[in-house]
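Colleague: Could you take me slowly through the part of this predicted model where the protein meets the DNA, and show me how the surroundings fit around it? I am new to reading structures, so please name each residue as you go.

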Amino acid sequence: MFALVDGNNFYASVERVWQPELRGKPVIVLSNNDGCAIARSQEAKALGIKMGQPLHQIPPEVRRQLHVRSANFALYGDMSARVVAVLRDLFPAVEVYSIDESFCDLAGVGDRLALAAHARSRILQWVGVPCCVGIGVTKTLAKAANKLAKSTVDGVVEIVDPLEQLREFPVDDVWGVGPRFAARLGAEGILTAADLIRADAETLRARYGVVLARTQLELRGTPCMELEEAEADRQQIVVSRSFGSEVTAREDLAQSVATFAARACEKLRARSLQAGGLWVWLNTNPFREGAAQYHPSRSIAFPVSTTDTRQLLGVARAMVDSMWRPGYRYKKAGVGLLDLSRGSVAQGDLFAGADVRVTPLMEVLDQANRRFGRGAVGFASATSRRGPAPAWGMKQSSLSQAFTTRWDQLLRVK
DNA sequence: TCTGGGGTCCTAGGACCC
DNA sequence: TCTGGGGTCCTAGGACCC
């Protein structure tokens, strides 16, 4: 038995915790570069703002009524950890599924609805974020119950009779049914979750594969997924960004890639992993009609896995040089670390000894940055915290304070 | 007429999630 | 003018093995 606890309009709700003047107002939070709406308060939804809608496509008269914020992931991540801390206090086991959702184990819990209501009110009181709770015998049913809970007053729903309770539940709201499957299912008359439950299992399996077959089983009440408390090791780490403005100079492009690569290496070491390969790509702006498009990509496998930022920076630079062509206006670049492994299963190099200085050097680097703030010590080819903002830097015109993660940005109470 | 059978690994593409 | 970022899994087909 699972409970899915989900923060309502999470990013918008977090902004409101620290800026009470936003309560009751239409609030949207934008993606990086202030591009699209990625979170909307109820009031903003009521104005017709769609998920993922580009800001520039919102009519000016609607736009004027909105309170807009740039994405502040440092703040959302910290507030998410607070929610999880409350859940771990209340439930026997918790799986953090995403920044705003956790599955909680209800095995052995007597009064499930009471516990769910208690979790909800404690999170609201201690963290300040409104949540809903969905309960079901499978994760997929808990997800569906959570969706139903969003439109109830007390914010808690348990699914006990899927066929009845999901009679009018749109099939594309089912976890695991995306836009492609929904269109195909709709074409054969499967429009609701109840329709999907009743569909012939063999036919479904043949036409849509094992993933959707499992979804159907879960909707029927047969668990196919367990609670996964321990996070599995990453298979890849990707850092990519669209640029605030288009880039034409090779050095600007190289600097952006170096900055992303250095960040990716920090994430790599923070998870005690090492990279067996590197992938770098560049993109022009696909939305610019008529502009020449170019999206090159290079990848390489290393003879020996590494955690050395210097090595990665060198290879990444060579890749940028081999891909860069004059005359294109670059809009985005990315770096991926591939074939990740734990340090304990290192494959040695038959011909070259390992450089024993790398690990201590990187540790010192990471320690300094933990203590003095990210970017306190870095590499000349990447951007630095004190240097000028790069030409390609992200646009964040409405960024709120890092209220909970930076001493110099704490909330002031007069 | 008649072209083996069984297996692994890799990659690209497609689907999904938040 | 302006359009996000970071992940996973499955499947089909090709290359290659004995």
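**Where the protein meets the DNA**

Modeller: Chain A is divided into domain 1, covering residues 1–160, domain 2, covering 161–232, and domain 3, covering 237–372. The centres of domain 2 and domain 3, taken over C-alpha atoms, are separated by 39 Å. Please keep in mind that all of this describes a predicted model.

Let us begin with DNA strand B. This strand is surrounded by 13 residues, and the closest of them are Glu101, Lys143, Gly176, Gly178 and Phe181. Of the atoms of DNA strand B that come within 4 Å of the protein, 100% belong to sugar and phosphate. Three of the residues just named can be followed down to single atoms. Lys143 places a polar side-chain atom 2.6 Å from a phosphate oxygen of DNA strand B. Gly178 approaches through its backbone, with an N or O atom 2.9 Å from a phosphate oxygen of DNA strand B, and Phe181 likewise has a backbone N or O atom 2.8 Å from a phosphate oxygen of that strand. The elements that give two or more residues to this surface are β5 (94–98) and α8 (179–187), and the largest share, 3 residues, comes from α8. Sorted by class, the surface near DNA strand B has 6 nonpolar, 3 polar and 4 charged residues.

Strand β5 deserves a pause, since Glu95 is found in it. Glu95 has a relative accessible area of 7%, and it counts as buried because this value is under 20%. The side chain of Glu95 makes a polar contact of 2.7 Å with the side chain of Lys139. A polar atom of the Glu95 side chain also lies 2.8 Å from the backbone nitrogen of Glu228.

Now turn to DNA strand C. There are 22 residues around this strand, and those that come nearest are Gln235, Val238, Ser240, Arg241 and Ser242. Of the atoms of DNA strand C within 4 Å of the protein, 73% belong to sugar or phosphate, and the rest belong to bases. Here too, individual contacts can be picked out. A polar side-chain atom of Arg241 lies 2.8 Å from a phosphate oxygen of DNA strand C, while Ser242 uses its backbone, with an N or O atom 2.4 Å from a phosphate oxygen of DNA strand C. Ser31 has a polar side-chain atom 3.0 Å from a sugar or linking oxygen of DNA strand C. At least two residues of this surface come from each of α11 (210–219), β9 (237–247) and β12 (330–338), and β9 gives the largest share, with 6 residues. By class, the surface near DNA strand C divides into 8 nonpolar, 8 polar and 6 charged residues.

To complete the surroundings, consider the second largest pocket, which holds about 860 Å³ of space. Its lining has 36 residues, and the closest to the pocket centre are Asp6, Gly7, Asn9, Lys45 and Lys150. The elements that supply two or more lining residues are β1 (2–7), α1 (10–18), β3 (37–40), α2 (42–46) and α6 (139–149), with α1 giving the most, 5 residues. The lining of this pocket draws at least three residues from each of domain 1 and domain 2, and it consists of 14 nonpolar, 9 polar and 13 charged residues.

Finally, two loop residues are worth examining for their backbone angles. Most residues other than glycine have a negative phi. Asp34, however, has a positive phi near 55° although it is a residue other than glycine. Asp34 sits in the loop between β2 (27–30) and β3, and it is buried, with a relative accessible area of 10%. Ser272, which is not a glycine, also has a positive phi, of about 55°, and its place is the loop between α12 (250–270) and β10 (273–284). With 44% relative accessibility, Ser272 counts as partly exposed, because that value falls between the 20% limit for buried and the 50% limit for exposed.

How values were computed: Residues numbered from 1 in each chain as written. Chains lettered and ligands numbered in written order. Predicted model: local features only at pLDDT ≥ 70, side-chain atom pairs only at ≥ 80, totals over all residues. Heavy atoms only, no water. 1 Å grid on protein atoms, 1.4 Å probe; cavity = no way out; pocket = protein on both sides within 12 Å on 5 of 7 lines; lining within 4 Å. Points joined across faces, edges and corners; volume = space filled by probe spheres on them. Helix = DSSP H or I, 4+ residues; strand = E, 2+ residues; numbered from the N terminus. Nonpolar A, V, L, I, M, F, W, Y, C, P; charged D, E, K, R; others polar. Domains from an automatic or database assignment. Near = heavy atom within 4 Å. Polar contact = N/O pair within 3.5 Å; in protein donor to acceptor, adjacent residues only side chain to side chain. Buried < 20%, exposed > 50% of the residue type's maximum accessible area, 1.4 Å probe, protein only.
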